[in-house]
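Hi,

Here is the structure I said I would pass on. Have a look at it first, and then read my notes underneath.

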Amino acid sequence: MAAVLPYTCGLDAAADVIGGKWKPRILWALHHGPRRFGELRKDVTGVTEKMLIQQLRELESRNIVHREVFHQVPPKVEYSLTKLGESLNVALMPLDQWGADHLTEIEASRPC
């Protein structure tokens with residue numbers, strides 16, 4: 001097994017937690033409160049069920065997302081942000097604003 005290298009800076013650590021296409025969008029969807037799996041699937045347009053499950057498990061293992069199972073019929077599962085996840089979403093807000101401010105330029109420079 002390969003040795004895990006230490007993070008070189010805070011940005012390195014944060015990028016490791018939210019890396020990929022879907023994690024920031026999942027976090028953003030959870031920003032307004034707990035969501036059931038089906039709601040997340042609708043909120044995160046384009047994500048497959050398999051990928052959403054995988055990403056949620058990874059975020060849960062990093063203590064960013066909490067998964068709560070309600071023992072009822074039919075079974076109910078809700079996902080929400082932990083305190084750590086909430087603080088991460090606060091850190092993502094300026095990035096969201098930057099993207100909104102520069103959307104036209106970003107879209108124009110997007111590869112075909």
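Below is what I found, going from the annotation to the core, the sheet and the pocket.

One thing to keep in mind while you browse: this is a predicted model.

Let's start with the record. UniProt has an unreviewed entry that lists residues 9–107 as "domain: HTH hxlR-type". Over that stretch, helix makes up 61% of the chain and strand 14%. The C-alpha atoms at the two ends of the stretch sit 30 Å apart.

Now the inside. The largest nonpolar core is made of 20 residues, and Ile26, Leu27 and Val65 have the most contacts within it. Several elements each put at least two residues into this core: helix 1 (10–18), helix 2 (23–29), helix 4 (49–61), strand 3 (76–81) and helix 5 (83–101). Leu27 is a good residue to click on. Leaving out its neighbours within four places in sequence, Leu27 is in contact with Ile18, Leu59, Ile64, Val65, Leu81, Leu88, Asn89 and Leu92.

Next, the sheet. It is an open one with 3 strands in the order 1-3-2, and the pairing is antiparallel. Strand 1 (35–36) and strand 2 (65–70) are the edge strands, each pairing on one side only. Strands 1 and 3 are joined by 2 bridges. If you want to find that spot on screen, look for Arg35, whose bridge partner in strand 3 is Tyr79.

Then there is the pocket. The largest one holds about 470 Å³ of space. Its lining consists of Lys21, Pro24, Arg25, Trp28, Leu92, Leu95, Asp96, Gly99, Leu103, Ile106, Glu107 and Arg110. Helix 2, helix 5 and helix 6 (103–108) are the elements that give two or more residues to this lining. Which helix gives the most to it? That would be helix 5, with 4 residues.

Last, a closer look at Leu92, a residue of helix 5. Leu92 is among the residues that line the largest pocket, and it is also one of the contacts of Leu27. Is Leu92 buried or exposed? Its relative accessibility is 8%, so Leu92 counts as buried, the cut-off being under 20%. Not counting residues up to four places away in sequence, Leu92 touches Ile18, Leu27 and Trp28. Gly20 is 72 residues from Leu92 along the chain, and the C-alpha atoms of the two are 14 Å apart.

That's the lot from me. Shout if anything is unclear.

Cheers

Key: Residues numbered from 1 in each chain as written. Predicted model: local features only at pLDDT ≥ 70, side-chain atom pairs only at ≥ 80, totals over all residues. Heavy atoms only, no water. Core = buried A, V, L, I, M, F, W, Y, C linked by side-chain atoms within 4.5 Å. Buried < 20%, exposed > 50% of the residue type's maximum accessible area, 1.4 Å probe, protein only. Contact = heavy atoms within 4.5 Å. Pairing = 2+ DSSP bridges. UniProt positions renumbered as here; feature names shortened; annotations may be inferred. 1 Å grid on protein atoms, 1.4 Å probe; cavity = no way out; pocket = protein on both sides within 12 Å on 5 of 7 lines; lining within 4 Å. Points joined across faces, edges and corners; volume = space filled by probe spheres on them.
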